[in-house]
Amino acid sequence: MSFLSSMNISASALTATRLRMDVIAENIANSSTTRTETGEPYRRRFVVFQERATDREFASFFNRARQAPGGVRVVHIGTDMSDFTYDFNPTHPDADENGMVAMPNVEVVQEMVDMMSAFRAYEANINALNIFKDMATRTLEIGR
């Protein structure tokens, strides 16, 4: 694995993790949105990562020790189709005839845990990039 490919792996993880944090922030911001353009409450979104590899052939798995990994990429931003929760609030403009309001399927506590996890992953990749940078600087100083 080359030195620059290590930096590319961390950079791709930073990009993917940043998108994950953006989606989580959108979920938190819309945790009380009871009506969207579709007319229903906001539905939670999530990010799916996948290894970014250039060659997916069977033979390439045998040569993986010699090949540099490709990092990570976002393959899909999905929508959570789980059921909405219902609150009794007859004065709400979106309440049905029984006074029940369909609320988004976003759990703020779970989103905050996901945000902390994404932040730690982002932080770890920043640290890895700083280590790569320090290694490059020290390597260049060998010749002095």
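## A salt bridge between α1 and β1

Glu26 and Arg45 pair through their side chains in a salt bridge, with N and O 2.9 Å apart. Since Glu26 sits in helix α1 and Arg45 in strand β1 (residues 45-51), the pair ties together parts that are 19 residues apart in sequence. Keep in mind as you read on that this is a predicted model.

How buried or exposed are the two partners? Glu26 has a relative accessible area of 28%, so Glu26 counts as partly exposed. Arg45 comes out at 25% relative accessibility and is therefore partly exposed too. Both values lie above the 20% under which a residue would count as buried.

## The overall layout

Let's step back to the whole chain. The protein chain holds three helices and four strands, and along the sequence they follow the pattern α-β-α-β-β-β-α. Among the 144 residues, 26% count as buried. The chain exposes about 9800 Å², and carbon and sulfur atoms supply 56% of that area.

Contacts between distant positions feature strongly in the count: for contacts with a separation of 6 or more, residues 24 or more positions apart account for 67%.

## The network around Arg44

The count of salt bridges in the model comes to eight. Which residues are linked in a network of salt bridges? They are Arg44, Asp80, Glu111 and Asp114.

Take Arg44 and Glu111: their closest N and O atoms are 2.6 Å apart, and they form a salt bridge. This pair links distant parts of the chain, with Arg44 in the loop between α1 and β1 and Glu111 in helix α3, 67 residues apart. Arg44 and Glu111 are both buried. Arg44 also meets Asp114 in a salt bridge, with an N to O distance of 3.6 Å. Here again distant parts are linked, since Asp114 is in helix α3, 70 residues from Arg44 in the loop between α1 and β1. Like Arg44, Asp114 is buried. As general background, side chains of opposite charge can pair when their charged atoms come close.

## Asn27, a buried residue of α1

Asn27 belongs to helix α1 (residues 3-29). Its relative accessibility is 0%, so Asn27 counts as buried. What does Asn27 touch, leaving aside neighbours within four places in sequence? Its contacts are Tyr42, Arg44, Arg45, Val106 and Glu111. Two of these names, Arg44 and Glu111, also appear in the salt-bridge network.

## Helix α3, inside and out

Helix α3 covers residues 108-141, which is 34 residues. At 1.5 Å a residue it should span 50 Å, and its end C-alpha atoms are 49 Å apart, so the two values agree.

Which residues of α3 are buried? They are Glu111, Asp114, Met115, Ala118, Asn125, Leu129 and Phe132. A useful reminder for reading such a list is that an α-helix has 3.6 residues a turn, so residues three or four places apart point the same way. Val113, also in helix α3, has a relative accessible area of 42% and is therefore partly exposed. Together with Val109 and Met116, Val113 makes a nonpolar surface patch of about 300 Å².

## Strand β3 and Tyr86

Finally, a look at Tyr86, which is placed in strand β3 (residues 85-88). Leaving aside neighbours within four places in sequence, Tyr86 is in contact with Met100, Val101 and Ala102. For Tyr86 and Ala102, the C-alpha atoms are 4.7 Å apart in space, while the two residues are 16 apart in sequence.

Definitions and conventions
Residues numbered from 1 in each chain as written. Predicted model: local features only at pLDDT ≥ 70, side-chain atom pairs only at ≥ 80, totals over all residues. Heavy atoms only, no water. Helix = DSSP H or I, 4+ residues; strand = E, 2+ residues; numbered from the N terminus. Expected span 1.5 Å × (residues − 1). Buried < 20%, exposed > 50% of the residue type's maximum accessible area, 1.4 Å probe, protein only. Contact = heavy atoms within 4.5 Å. Areas by Shrake-Rupley, 256 points an atom, 1.4 Å probe, with all protein chains shown as cover. Patch = residues over 30% accessible without salt bridge, like charges linked within 9 Å, V, L, I, M, F, W, Y side chains within 5 Å. Salt bridge = Lys/Arg side-chain N within 4 Å of Asp/Glu carboxyl O.
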